[in-house]
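Me: I am new to this structure and would love a close look at one part of it. Could you pick a helix, walk me around it, and then show me a few other spots along the chain?

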Amino acid sequence: MDRRQFLSGLAVAGLTTACATSSKKSSGGAPSTAAQPVETAVPTTPSTPLPDGIFSLGVASGDPTDSAVVLWTRLASAATTPDGGPPTGDVQVAFDVARDEAFKELVASDIAVARPDLGHSIHVDVTNLDPDSWYFYRFRVDGQTSPVGRTRTFPAPSAKADHFRFIFASCQDYQWGTYVLWKHAAAENPDAVVFLGDYIYELSLGDLSPAQDGSRVWASPPPTDLATYRARYAQTKSDPHLQAAHAAAPWIITFDDHEVANNYAGDVGQGDVDQPRSRDRRLAAYQAFYEHQPIRVTPEPDSFESLELQRSLRFGTLADLAVIETRQYADAPACRTDASLISDEGPSCAALEDPKRTNLGAAQESWLADTIAASKGTWFVLCNPVMFASINTGTAEAPTYTRDVWDGYPAARQRVIDAITTAKVPNPVVVTGDWHASFVNDVAASAGGPTVMPEFVGSSISTVIFGTDYRAANPHIRYFLGEHCYASVTVTPKSFTCAYVYVENIWDENADQPHRHVVGHRRFPRGHAGLNGHGHGRQPGPAKV
Ligand SMILES: [Fe+2]
């Protein structure tokens, strides 16, 4: 389906005002060393018995360092009701971290408090762990024990690592198909999962299943407040394949637009044209996002006026990762007209080129420049929600561009590119979500200039596929695949290999033997890629294996 045609058919959701904030800090965290035997923590029994299935949303971990990882769960027994079936007051929950799946070698066991003002979610930052090590974890409360999750720490910053395997993915609308791809991703036992946005979707499209069996229909109305955003996460997280992927490895997560609403920018919703009217809805959405994701926010937020998602991670000397988001502080897409409002697609215009326009915001942009300058890893991986390279979605004679991605902020994009070239980052790569198809692009230092870095764009797990192949008008697109897929990356000191993994039919949960398209990219021999002219186009092209 054509991207623009599909978007033009979407209804713009209405707005209501509701916002919840929290004021207390969770007891969370439990540093521990293995020097002394660790005693199993015993939580206080709740005054009111909890309903069965209190861990129905599963467990997750995220934001690994060389000594810490965040563990997550949320107490909710009825995933498809707006309040998630939680208890009413504070609830003590025990957590255990062990080296073995049987929990005989405990390294941490303590109590966290699940509070109603954060939806009875729990974020525990477990510290003092060994570097480059795998662990198992679980939660316990009122006689119930959660599923067991597996997580890991990254190697020490100065340690050499010979490989790093991560999945990256985006766009998982519960309505559009099963999450069978997460089953395959979990089976790969990656070191980490990078999720680049659109974890939930806000639109209700009815029953899209081929069998018309109602199996993937939203049980809640289009979200506009905290309760309805919580309901979207709860239903999304009820899927067993998604839970398996969370339980398999730590996740590194950012958001895109559909965690709030299509093509929003700051307080400007798409239906607002350019009038900021969507603040309360956005803050409710950010709170629900935080409550459902294993992300480290220090201190735990007591307000959702902003949610700082930019962060860097280091996998030994092999790879530095920088995670960004491009919606929260973004100027509204430029040059909106009645015709382009829904898709934010159209020809370039003078306002688009304004150097003051930003999608990162000044603070995040400054942080990113500093992070790029400080990168010392063999590889620098920019984890980026939306298309970075310029893509002409029209023709050579009448070019058009998508204005809610980096093409809508060309001066800001150039500043990121300049930061990379100035710092002479030896092997930069950008991994991207959002487009609902897979691309490998050459990112140019400037229009018509040498290649600075490759961009690997992942497809969607389960949204509509936008299968238009733009290669004819865009020779810098080196590869295109219009399938639902996740990307499986193997990083070594000499190569960055990306496999696009897909199945024939995402409605078939029993699908096995997924297809893999492997795209290789070798390390640049010396110096900066763009300056030395070693574009990844010199490397072997995609090969079906
Ligand atoms: Fe998406």
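**A close look at helix α2 and other spots**

Reply: Let's warm up with a loop: P299 sits in the loop between α5 (279–292) and β12 (311–315). The peptide bond leading from T298 into P299 is cis, and its omega is near -10°. Please keep in mind that this is a predicted model.

Here is the wider setting. The chain holds 8 helices and 24 strands. Of its 545 residues, 52% are buried. If you take the contacts between residues at least 6 apart in sequence, 74% of them join residues at least 24 apart.

Now for the main stop, helix α2, which covers residues 180–187. Is α2 enclosed or open? Since 7 of its 8 residues are buried, the helix is largely enclosed by the rest of the structure. The buried residues of α2 are V180, L181, W182, K183, H184, A185 and A186. Several elements help to cover them, including the strands β9 (164–169), β10 (192–195), β21 (486–491) and β22 (496–502), together with helix α4.

That last neighbour deserves a closer look. Helix α4 spans residues 240–248, and its axis comes within 7 Å of the axis of α2, crossing at roughly 25°. An angle under 35 degrees counts as roughly parallel, and therefore α2 and α4 are described as roughly parallel to each other. Their crossing is left-handed. On the α2 side, the contact is made by V180, W182, K183, A185 and A186, while α4 brings H241, L242, A244, A245 and A248. Sorted by class, this contact has 8 nonpolar residues, 1 polar and 1 charged. Just after α2 ends, you will find N189 with a positive phi of about 50°.

For a second helix pair, turn to α3 (residues 226–237) and α5. These two pack at an angle of about 35°, with their axes 8 Å apart, and α3 passes α5 in a right-handed crossing. Here α3 offers L226, Y229, R230, Y233 and K237, and α5 offers A284, A285, Q287, A288, E291 and H292. The residues of this contact divide into 6 nonpolar, 2 polar and 3 charged.

Helix α7, residues 410–423, gives us a small length check. At 1.5 Å a residue, its 14 residues should span 20 Å, and the end C-alpha atoms are 20 Å apart, which agrees. The buried residues of α7 are A412, V416, I420 and T421. After α7 comes K424, whose phi is positive, near 55°.

Let's finish with two more residues in loops. D63 lies in the loop between β1 (59–62) and β2 (69–74). Although D63 is not a glycine, its phi is positive, about 50°. Is D63 buried or exposed? It takes 20 or more other C-beta atoms within 10 Å to count as buried, and D63 is buried because it has 22 C-beta neighbours inside 10 Å.

F103 belongs to the loop between β3 (91–98) and β4 (106–114). F103 is not a glycine either, yet its phi is positive at about 60°. With 17 other C-beta atoms within 10 Å, F103 is partly exposed.

Terms used. Residues are numbered from 1 along each chain as its sequence is written. This is a predicted model: local features need pLDDT of at least 70, side-chain atom pairs count only at pLDDT 80 or more; totals for chains, interfaces and linings use all residues. Axes are lines fitted to C-alpha atoms, for helices over the stretch in contact, and angles run from 0 to 180 degrees between N-to-C directions. Helices (H or I, at least four residues) and strands (E, at least two) are DSSP runs, numbered from the N terminus. Angles under 35 degrees count as roughly parallel, over 145 as roughly antiparallel, 65 to 115 as roughly perpendicular and the rest as oblique. A crossing is left-handed if the near helix is turned anticlockwise from the far one by less than a right angle, and right-handed if clockwise. Two residues are in contact if their C-beta atoms, placed from the backbone, lie within 7 Å. Ala, Val, Leu, Ile, Met, Phe, Trp, Tyr, Cys and Pro count as nonpolar, Asp, Glu, Lys and Arg as charged, and the others, Gly among them, as polar. A residue is buried if 20 or more other C-beta atoms lie within 10 Å of its own, exposed if 12 or fewer, and partly exposed in between; C-beta atoms are placed from the backbone. The expected span of a helix is 1.5 Å times one less than its number of residues.
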